Amino acid sequence: MNIRIESIEEKANTNYGILVRYSVWGKDSVSNVCSTMDAGGEFWTNLAGYQFREFTDSFIVLTEVDKKKVTLTKYTGKQAKKKCLELADWKKQIACNLYPDDDREYVENNTFRIYQTKGTPFYDTQFVLLALENCYNKMKQIFPNISYRHAKANRFQVYQSEGTWPSADYERISIPQYILNTYEYESKLIGIENLYPKIQDNSCPFSFDFIPHELTHLVFADTFLQRPYDGYLATEVTEKKSIPSLNEGFAEFVPYLIAKKQPDVVAKSYIDQRTKFCGKDALLDVDNMGIPDEQLLYKNILEGNGYLQSHYNMGFCFYKRVEDECGEEVLTGLINEEVLIAGSIRSYPSFFGKLANSCGKEKIQEIMTDYGFDVGLIDVHRQIPNTGFSSGQQVMGCTLSRS
């Protein structure tokens with residue numbers, strides 16, 4: 001794995017300091033060619049939590065920067081743990097769990113490896129392991145190409161954390177231990193040792209809907225589906241304004257597709273809960289919370305002016321609208337194709353463009369207008385990274401990588 005510095009710039013009108021953007025490169029263990037492992041990220045010299053990047057085998061710290069030069073320092077093993085605890089601040093509970101402790105062990109199957117504190121209750125670990133496997137198998141039935149992503153990852157990494165919320169990035173999932181103590185199942189509080197037998201039928205447990213949600217983030221992490229509309233990085237849209245990603249909505253939509261294929265009560269409840277908010281150009285205040293209409297408009301949510309965490313529902317409703325207008329088979333087919341594009345240095349049409357080609361340009365333009373997207377995004381292309389290697393020497397990003 002290699003980090004390539006993409007740009008160094010000092011932003012005007014900000015106290016964040018100097019911005020350093022990077023991309024992560026490695027040799028694809030399946031095709032044995034150079035590709036991006038992560039489309040990119042950023043370091044800020046004055047912003048807590050953005051002066052380092054944590055990976056599963058190393059902790060990278062931005063130690064020096066000027067307008068032409070960046071110095072990064074890499075820590076591994078217990079030194080990574082020590083440095084992480086010094087610097088991670090608010091990210092500490094999640095980030096620092098990646099590195100070795102004397103009291104940590106792991107449990108695994110062929111698809112997942114769970115790192116946990118020694119002495120973790122047996123059924124807690126077994127439940128999470130089986131739940132992840134079941135959800136992954138259901139996901140694979142819908143998107144068979146994700147097997148390629150698994151082949152690249154060998155085993156997906158899962159970490160027991162001391163944090164307060166589950167999270168995921170392109171390398172791993174972090175799951176707080178406390179949320180596995182007791183949980184509601186069909187309106188009854190039930191211990192996880194009693195819930196474990198209920199997923200022996202290969203079902204994905206929607207009582208723990210964060211499991212398929214975070215798994216979606218992980219499995220699709222290096223695809224444009226997790227940063228399909230550029231966000232703050234100039235990776236997909238080079239000529240249009242940056243607009244927020246729908247990655248959280250996508251991570252709600254994939255579990256919905258899984259839930260549709262399960263007959264259990266909890267899965268049906270998940271479907272009802274997700275779909276009830278979707279209006280034509282705005283979320284519906286179906287729970288009568290008195291939210292101002294302008295905070296429910298998709299356009300305003302897209303621009304960051306929506307109600308609380310409404311981008312989850314807004315993003316879901318976008319994909320649901322495309323499914324309704326174009327058909328599930330068209331949408332899932334295009335999503336399945338995206339997995340094989342991940343990390344490519346070639347230029348491809350935007351996801352909007354692919355939808356327009358498959359479903360009809362006028363139909364997609366109408367949907368985009370209702371959701372506040374610039375319809376010009378249909379005609380642009382995307383590429384990781386934004387510029388290729390000099391002299392076409394694509395292998396330079398992987399010279400030191402192991403196959």
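The legends below describe several close-up views of one predicted model.

Residues are numbered from 1 along each chain as its sequence is written, and side-chain values use heavy atoms, with hydrogens and water left out. Because the model is predicted, local features need pLDDT of at least 70 and side-chain atom pairs count only at pLDDT 80 or more, whereas totals for chains, interfaces and linings use all residues.

**View 1. The whole chain, with its 13 helices and 15 strands.** Helices (H or I, at least four residues) and strands (E, at least two) are DSSP runs, numbered from the N terminus. Buried residues make up 51% of the 403 residues in the chain, where buried means under 20% relative accessible area, exposed means over 50%, and partly exposed lies in between (1.4 Å probe, protein chains only). The chain exposes about 18,700 Å², of which carbon and sulfur atoms supply 47%; accessible areas come from the Shrake-Rupley method with a 1.4 Å probe, and for residues only the protein chains shown count as cover. Among contacts (heavy atoms within 4.5 Å) between residues at least 6 apart in sequence, 59% join residues at least 24 apart.

**View 2. Strand β9 (residues 156–161) and the strands it pairs with, β8 and β11.** Six of the six residues of β9 are buried, so the strand is largely enclosed by the rest of the structure. In a regular strand the side chains alternate between the two faces of the sheet. In β9 both faces are covered, with F156, V158 and Q160 buried on one side and Q157, Y159 and S161 buried on the other. Strand β8 (residues 112–117) runs parallel to β9 and is joined to it by four bridges, while five bridges join β9 to strand β11 (residues 172–176), again in parallel; two strands pair if DSSP finds at least two bridges between them. Y159 in β9 has Y115 opposite it, and Y159 also stands opposite S174 in β11.

**View 3. Two salt bridges that involve residues in strands, E9 with R21 and E54 with R172.** The structure holds 22 salt bridges, each defined as a side-chain nitrogen of Lys or Arg within 4 Å of a carboxyl oxygen of Asp or Glu. The side chains of E9 and R21 meet at 3.4 Å, N to O, and this pair links E9 in strand β1 (residues 2–10) with R21 in strand β2 (residues 18–27), 12 residues apart. E9 counts as partly exposed at 26% relative accessibility, whereas R21, at 19%, counts as buried. The side chains of E54 and R172 meet at 3.2 Å, N to O. E54 lies in strand β4 (residues 52–54) and R172 in β11, so this pair ties together parts that are 118 residues apart in sequence, and both E54 and R172 are buried.

**View 4. A network of salt bridges linking K280, R321, E325, E366 and D370.** Within the pair formed by E366 and K280, the closest N and O atoms are 3.9 Å apart. This pair links distant parts of the chain, since E366 lies in helix α13 (residues 361–371) and K280 in the loop between α8 (265–275) and α9 (298–302), 86 residues apart. At 42% relative accessibility, E366 counts as partly exposed.

**View 5. The largest nonpolar core, of 75 residues, and another core apart from it.** A nonpolar core is a set of buried Ala, Val, Leu, Ile, Met, Phe, Trp, Tyr and Cys residues joined through side-chain atoms within 4.5 Å. In the largest core, F127, F220 and F318 touch the most other members, and helix α3 (residues 122–142) gives the most to this core, with nine residues. Apart from it lies another core, of 12 residues, which includes C84, A88, Y115 and Y159.

**View 6. Helix α10 (310–326) and the residue that follows it, G327.** The 17 residues of α10 reach 24 Å from the first C-alpha to the last, close to the 24 Å expected at 1.5 Å a residue; the expected span is 1.5 Å times one less than the number of residues. Of these 17 residues 13 are buried, so α10 is largely enclosed by the rest of the structure. Just after α10, G327 takes a positive phi of about 100 degrees.

**View 7. Two loop residues other than glycine with positive phi, N202 and L308.** N202, in the loop between α5 (192–195) and α6 (210–219), has a phi near 75 degrees and counts as exposed at 51% relative accessibility. L308, in the loop between α9 and α10, has a phi near 40 degrees and, at 63% relative accessibility, likewise counts as exposed.
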